[in-house]
Amino acid sequence: MSAKGKEQAVQKDAPTNPRGIPYAPFVDKVEDYVTSREDVQSTLRSFQEMISKYQFMELNLQRRVAGLKDKMPDIQKTLETVKFLKTRTNESDPIETTFELNDTLYAKASIPPTDEVYLWLGANVMLSYPIDEAETLLTSKLAAAKQSYANCEEDLEFLREQITTMEVAIARVYNWDVVQKRKEKADEERKGKGAKDGDEQPNG
């Protein structure tokens, strides 16, 4: 089987982690992937391509983790605000506070007791929710964000392990090629020496 065929078979049958990222093949015997020195370069290229794919997934996950790190405190802060507003009754006095208009501009506001809040849903969309529904929505969003963050961290660790496994595989194939090259060179020298000895023998 060619190196490319073996790679396709490995990718097709390879087990995956819970998010579908395939395990890297563990190269115990190089001969399972390389049948001759002619297969070495194609095998090394296929292994390097797998590393590149893992690194691409790693980069995307790192960006997602960074986004979640920014997102979770905002959700938590909004949820705490909604819970606070929920505790207020019709007899409560209005709250004097400030709210952000942009990064450097704030305005004063007086907030009376309310049973309705407005939440930004993204893409410049804001919807009104009863306080109970808002609390439920934010609680579920925060839980989902925390779970997604945990999954990303787990996947990043998994990807680092797979990249290391592939780097070891590349080193083993490269070392195998070096050993085979030395064997071929030794065989050629031995054959050359044998032919030379035969030429130097005197005629009977």
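Student: What relative accessible area does R37 have?
Tutor: Heads-up: this is a predicted model, where local features need pLDDT of at least 70 and side-chain atom pairs count only at pLDDT 80 or more, while totals for chains, interfaces and linings use all residues. Residues are numbered from 1 along each chain as its sequence is written, and side-chain values use heavy atoms, with hydrogens and water left out. Buried means under 20% relative accessible area, exposed means over 50%, and partly exposed is what's in between (1.4 Å probe, protein chains only). R37 counts as partly exposed, because its relative accessible area is 28%.

Student: Which side chain meets R37 in a salt bridge?
Tutor: A salt bridge here needs a side-chain nitrogen of Lys or Arg within 4 Å of a carboxyl oxygen of Asp or Glu. For R37 the N to O distance is 3.1 Å, and the partner is E184.

Student: How many residues apart in sequence are the parts tied together by E184 and R37?
Tutor: Helices (H or I, at least four residues) and strands (E, at least two) are DSSP runs, numbered from the N terminus. E184 sits in helix α3 and R37 in the loop between α1 and α2, so their salt bridge ties together parts whose sequence separation, in residues, is 147.

Student: E135 and K86 also meet in a salt bridge; is E135 buried or exposed?
Tutor: That contact has an N to O distance of 2.7 Å. The pair links distant parts of the chain, with E135 in helix α3 and K86 in helix α2, 49 residues apart. K86 is partly exposed at 42%. E135 has a relative accessible area of 17%, so it counts as buried.

Student: Why is the pair of Y23 and F158 given its label, and what is that label?
Tutor: The whole structure has two aromatic pairs. Rings of Phe, Tyr and Trp (its six-membered ring) pair if their centres lie within 6.5 Å, with planes under 30 degrees apart called stacked, over 60 edge-to-face and the rest tilted. The ring centres of Y23 and F158 are 4.8 Å apart and their planes are at 90°, so the label is edge-to-face.

Student: Where does F158 lie?
Tutor: At 8% relative accessibility, F158 is buried, whereas Y23 is partly exposed at 38%. Y23 belongs to the loop between α1 (3-13) and α2 (40-87), and the pair ties together parts 135 residues apart in sequence because F158 lies in helix α3 (residues 131-200).

Student: At what angle are the ring planes of Y33 and F47?
Tutor: Y33 is buried at 15% and F47 is buried at 3%. Their ring centres are 5.8 Å apart, and the pair counts as edge-to-face because the planes are at 70°.
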